[in-house]
Amino acid sequence: MKLPGYVKEIIEIYHRAGYEAFVVGGCVRDYLLGKEPHDYDIATNALPEVTIQLFDHVILTGLKHGTVTILSNEPVEVTTFRLESEYKDHRHPETVRFVNTIEEDLSRRDFTINAMAYNDIRGLIDPFHGQIDLEKRKIRCVNDPDTRFKEDALRMLRAHRFAAKLNFEIEEHTKLAIEKNSSLLRYISIERIRLELVEIMRYDPYELENMTELLIDILPQLKLCKECEQNSPWHDTDVLHHTLRALKFLKPFDETLAWAILMHDFGKPETKTTKDGRDHFYGHPLISKKISLELCKKFKLTNIQRKRIPVLIEYHDDHLNANLKTIFKFRIQRNFDEEMMDQLLTLKYCDIMAHSLKGIQSIENWKAFKTFYEKEIKIRPVSIKDLAINGSDVIQYTDRKGSQIHEFLYNALIECFYEPQKNNRKYWIDRMTRKK
């Protein structure tokens with residue numbers, strides 16, 4: 001394994017002082033997969049106090065659990081060989097016991113593909129056959145999976161995240177243990193759950209289809225959508241599969257839009273009706289919006305996300321006709337800024353492309369609107385600040401006061417939107433002067 005010079009130097013300093021040190025975990029896994037490691041973690045039999053003596057620049061990041069960070073070319077996290085026990089909250093170990101061998105340390109780790117270590121002296125240390133699981137493309141727990149998930153329930157989500165990121169499958173015994181221990185997810189903070197879900201949506205949203213039971217208490221809408229068929233010429237799959245397919249079209253990935261796409265059809269199960277053998281979902285955008293308001297709050301999304309996502313969902317099914325009336329409706333009446341308009345167009349694109357072959361045909365209307373919009377938006381004011389005049393001008397050249405000033409500017413905006421040639425300062429000053 002070819003290690004960066006600064007990492008080799010850290011390991012050699014430990015060796016010269018009579019200690020062992022190995023790179024461990026994700027960097028070893030990524031190297032064996034032919035990927036460039038993003039960072040390097042080191043495990044050593046040296047106690048933290050020894051590390052502090054051996055290196056000049058050390059941060060005490062987790063001294064209680066044997067972890068410090070050496071500041072070199074890049075920060076390198078170093079942890080003393082340890083075993084953990086008594087996970088009373090199904091997340092954090094109550095006690096940590098330092099041990100003497102790298103094999104003991106690796107035995108506490110979550111998955112075999114993360115339980116490998118390396119240095120130039122001993123080579124690859126792989127007591128749990130992680131390299132074989134890499135070749136088989138399997139996510140397998142170290143030792144007993146039931147024990148691993150009872151220790152730290154977050155590992156159940158991590159298993160799915162690794163499956164999504166690496167395009168691996170979760171091994172059967174590990175999968176069964178996740179099903180058995182799914183209720184323990186209630187011990188995990190919603191912030192940590194949110195982070196894992198975002199990464200899964202980023203790498204392979206289809207993995208969420210394998211998580212409907214695990215997330216039944218957190219996102220019951222996933223299972224409801226999975227069970228909601230769409231017998232319609234415009235769809236060829238259930239609501240959940242359509243949603244996950246839409247997420248696959250989100251390139252480049254955007255977290256706000258990912259949440260909006262995930263939730264855009266959550267109202268369909270509640271609004272489903274069937275007539276003459278065809279399913280309809282009248283009013284589902286408003287129900288989806290209502291659900292998204294609750295979920296945005298539940299998952300503690302940012303204030304901007306909590307404001308924008310429900311609005312995007314509310315209007316995701318609106319027809320975008322290539323005319324000025326549609327632009328006026330969104331940019332002026334509904335006060336969409338440029339970024340939000342772009343987000344709506346992206347959401348609609350992903351949604352349309354996830355329809356049936358017949359449904360995808362509506363992408364031509366989307367393209368027509370986008371072309372029309374991009375041309376017209378360059379020459380038309382869409383907010384009062386785009387006008388050639390401002391409130392001070394209205395005060396100076398008219399006798400309007402208070403709300404009348406805004407009313408005058410808003411009416412001027414409407415007029416200039418449809419007749420952009422009127423958006424010049426001389427025209428409006430002359431006009432206000434005549435009416436004064």
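Helices here are DSSP runs of H or I with at least four residues, and strands are runs of E with at least two, both numbered from the N terminus. The place of E314 is in helix α15.

The model is a predicted one, in which local features need pLDDT of at least 70 and side-chain atom pairs count only at pLDDT 80 or more, while totals for chains, interfaces and linings use all residues. Residues are numbered from 1 along each chain as its sequence is written, and side-chain values use heavy atoms, with hydrogens and water left out.

**Helix α14 and its surroundings**

Helix α14 covers residues 284-298, and at 1.5 Å a residue its 15 residues should span 21 Å, which agrees with the 21 Å between its end C-alpha atoms; the expected span of a helix is 1.5 Å times one less than its number of residues. The buried residues of α14 are H284, P285, S288, I291, S292, L295 and C296, and they cover an arc of only 140 degrees around the axis, which puts them on the same side of the helix. That arc is taken from the directions from the helix axis to the C-beta atoms. Buried stands for under 20% relative accessible area, exposed for over 50%, and partly exposed for values in between (1.4 Å probe, protein chains only). On the other side of α14, L286, K290, E294 and K297 are exposed.

The buried residues of α14 pack against α10 (220-226), α12 (255-263), α13 (268-271) and α15 (303-314). Within α15, E314 is buried at a relative accessible area of 18%, and, leaving aside its neighbours within four places in sequence, E314 is in contact (heavy atoms within 4.5 Å) with P285, L286 and K289. Just after α14, K300 takes a positive phi of about 55 degrees.

**Helix α9**

The buried residues of α9 are I190, I193, R194, E196, L197, V198, I200 and M201, and they pack against α7 (154-166), α11 (239-248), α12 and α14. The two helices are set out below.

| Helix | Residues | Expected span | End C-alpha distance |
|---|---|---|---|
| α9 | 190-203 (14 residues) | 20 Å | 20 Å |
| α14 | 284-298 (15 residues) | 21 Å | 21 Å |

**Strand residue K138**

K138 lies in strand β10 (residues 138-139) and, at 26% relative accessibility, counts as partly exposed. Leaving aside its neighbours within four places in sequence, K138 is in contact with I113, D133, F168 and E169. The C-alpha atoms of K138 and M116, which are 22 residues apart along the chain, are separated by 15 Å.
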